[in-house]
Amino acid sequence: MQVLAVTPEIYPLIKTGGLADVTGALPLALAKLGVSTRTLIPGYPVVMKAFKKGRPLHKYAALQGGKAAIYKASLAGLDLLILDAPHLFERPGGPYGDATGSDFPDNWRRFAALSQAGADIAAGAIKGWVPDIVHAHDWQSAMTLAYMRYGAAVTTPSTLTVHNLAFQGQFGAGIFAELGLPAAAMSLDGVEYYGGVGFLKAGLQAAWAITTVSPTYAQEIRTPDFGMGLDGLVNMRASDLHGIVNGIDVETWDPETDRHLVANYSAAALEARRANRNAVEKRFSLEHDESPIICVVSRLTWQKGMDLLVANLDGMVAAGVRVAVLGSGDAALEGALLAGAARHRGRVGVVIGYDESLSHLMQGGCDAIVIPSRFEPCGLTQLYGLRYGCVPIVARTGGLADTVIDANEAALSAGVATGFEFDTAQPGSFMHAISRATAAYAAPSTWSAIQRQGMKADVSWDRSARKYADLYKSLVARKPA
Ligand code: ADP
């Protein structure tokens, strides 16, 4: 099985979020199942610097306003196809915007070009290689499936993964004439979206199958509350919609070998976590005592429920827990958290910033991690928490609900509980979960049982890769003879 993946991000080359982790890890896990993936990515400066140009596999005299070419490269165990289009991708800043954080005004053109190249490869533009299936990720590559549908690769099976429905790639109708699609595509069942052009919408319409990164999120996006205006279309495609949870890199995230920890440990020797906890106390200027430390590692945004954390900070301190927060994001939330730390010196510590190493130490030293997301397509920090014995206390939504087993009486007596769940919409629910967690913490054998059960959970890519492989097979079987 030969897969063409099309993505705007791939770990370890270019990452702004969980999407990059998926596109970087999935090909390696699929390879073990006999599925080969070649991944088409934009030739951003960091990408162009990472490989030596050989002969191009395909050349464009003009692609969205300039010369372009497709090169191949092997990096970090990944087979890459790189779209070199200097007029679109050779510029300073991030993958989507300049250094000040403003989106590039021609993002529609940049990702239409990526998508056109994807559809051309699906149609045989590269000599000697035609994919059996095309897998696009998020709005930036979703148009690949529209170009396939209205072009030569109309019979090639395809799937679109939605990592977060909040990002849709919506543009004015004026761009349509420059997309190079037939006039018929500007229709309700094509790329047209509220009078303009919707890239994600077009992909949802054209994909043979749609996946999102957890079964619960797949159900949630069928409702107006989570559907972000697309729930009608998602419902129309419900029979082709699948939820497959993300895995994590269990080698980078392994408490037995993690070099970011002060002390390594396994489920059989959880006492060793204490040395990590002492290091967390120092780093966050927390008092040294026996009370639990509950941590947060997160973008500080409304989606992540960080306003709920702020609102419950005093309550958490009153309940006797210490709180350690690592994150950055909305200035107002950063300020409110820092004010909380000033109010509760020694009980609440806040580090504003992005610190990969510290995030590992926190998972290895804190007792619990709280994740109050309003919506969460999959979520990774609860998976790290499970693997590190840092008990997840999570909102019952999306991937959080799918990966954490609430420590209710039934789950405790069956020996399957791995964390605590609450409902962000219900007043008091957050603090009720914190109280249930502190009560469990006060009974050491209960607490360590919850930690060990979490550490037994399979959070690797293996299971999920098998699901993607099965989906690919079922789609290829549907291909007309
Ligand atoms: P999202 O992609 O929506 O931000 P996820 O939970 O899927 O949320 O992934 C977030 C990733 O970013 C995790 O790997 C988490 O550890 C990491 N992360 C978030 N904030 C920070 C931070 N301030 N410092 C270090 N790592 C962070």
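**Exercise 1. Work out the span of helix α19 and which side of it is buried.**

Step 1: Start with the span. Helix α19 runs over residues 462–477, has 16 residues and reaches 23 Å from its first C-alpha to its last, close to the 22 Å expected at 1.5 Å a residue. The expected span is 1.5 Å times one less than the number of residues. Helices (H or I, at least four residues) and strands (E, at least two) are DSSP runs, numbered from the N terminus.

A quick note on what you're looking at: this is a predicted model, where local features need pLDDT of at least 70 and side-chain atom pairs count only at pLDDT 80 or more, while totals for chains, interfaces and linings use all residues. Residues are numbered from 1 along each chain as its sequence is written, and side-chain values use heavy atoms, with hydrogens and water left out.

Step 2: Find the buried residues. They are Ser464, Ala465, Tyr468, Ala469, Leu471, Tyr472 and Leu475. Because they cover an arc of only 160° around the axis, they sit on the same side of α19. The arc is that of the directions from the helix axis to the C-beta atoms. Buried means under 20% relative accessible area, exposed over 50%, and partly exposed in between (1.4 Å probe, protein chains only).

Step 3: Check the other face. Turned away from the buried side, you'll find the exposed residues Lys473 and Ala477.

Step 4: See what the buried side packs against. Its partners include β1 (2–6), α1 (18–31) and β7 (158–162).

**Exercise 2. Place Ser158 and list what it touches.**

Step 1: Ser158 sits in strand β7. With a relative accessible area of 3%, Ser158 is buried.

Step 2: Look past its neighbours within four places in sequence, and Ser158 has contacts (heavy atoms within 4.5 Å) that include Ile133, Met148, Trp208 and Leu475. Leu475 is also one of the buried residues of α19.

Step 3: Now the polar side. A polar atom of the Ser158 side chain lies 3.1 Å from the backbone nitrogen of Trp208. A polar contact is a pair of N or O atoms within 3.5 Å; within protein, one must be able to donate a hydrogen and the other to accept it, and residues adjacent in sequence count only if both atoms are side-chain atoms.

**Exercise 3. Describe the surroundings of the ligand.**

Step 1: 16 residues surround the ligand, and Arg299, Lys304, Gly353, Asp355 and Leu380 are the closest. A residue is near a molecule if one of its heavy atoms lies within 4 Å of it.

Step 2: Sort the shell by element. β13 (293–300), β14 (322–329), α13 (356–365) and α14 (381–388) each supply at least two residues, and β13 gives the most, with 3 residues.

Step 3: Pick out polar pairs. An oxygen atom of the ligand lies 2.9 Å from a polar side-chain atom of Lys304. For Leu380, a polar backbone atom is 2.9 Å from a ligand oxygen. Tyr384 has a polar side-chain atom 3.3 Å from an oxygen atom of the ligand. The protein covers 88% of the 570 Å² of accessible area that the ligand has on its own.

**Exercise 4. Check the backbone at Pro12 and Ser285.**

Step 1: Recall that most residues other than glycine have a negative phi, and most peptide bonds are trans.

Step 2: The peptide bond from Tyr11 to Pro12 is cis, with omega near 10°. Pro12 lies in the loop between β1 and α1.

Step 3: Ser285 has a positive phi, near 50°. Ser285 lies in the loop between α10 (273–283) and β13, and is exposed, with a relative accessible area of 55%.

How values were computed:
Accessible areas come from the Shrake-Rupley method with a 1.4 Å probe; for residues, only the protein chains shown count as cover.
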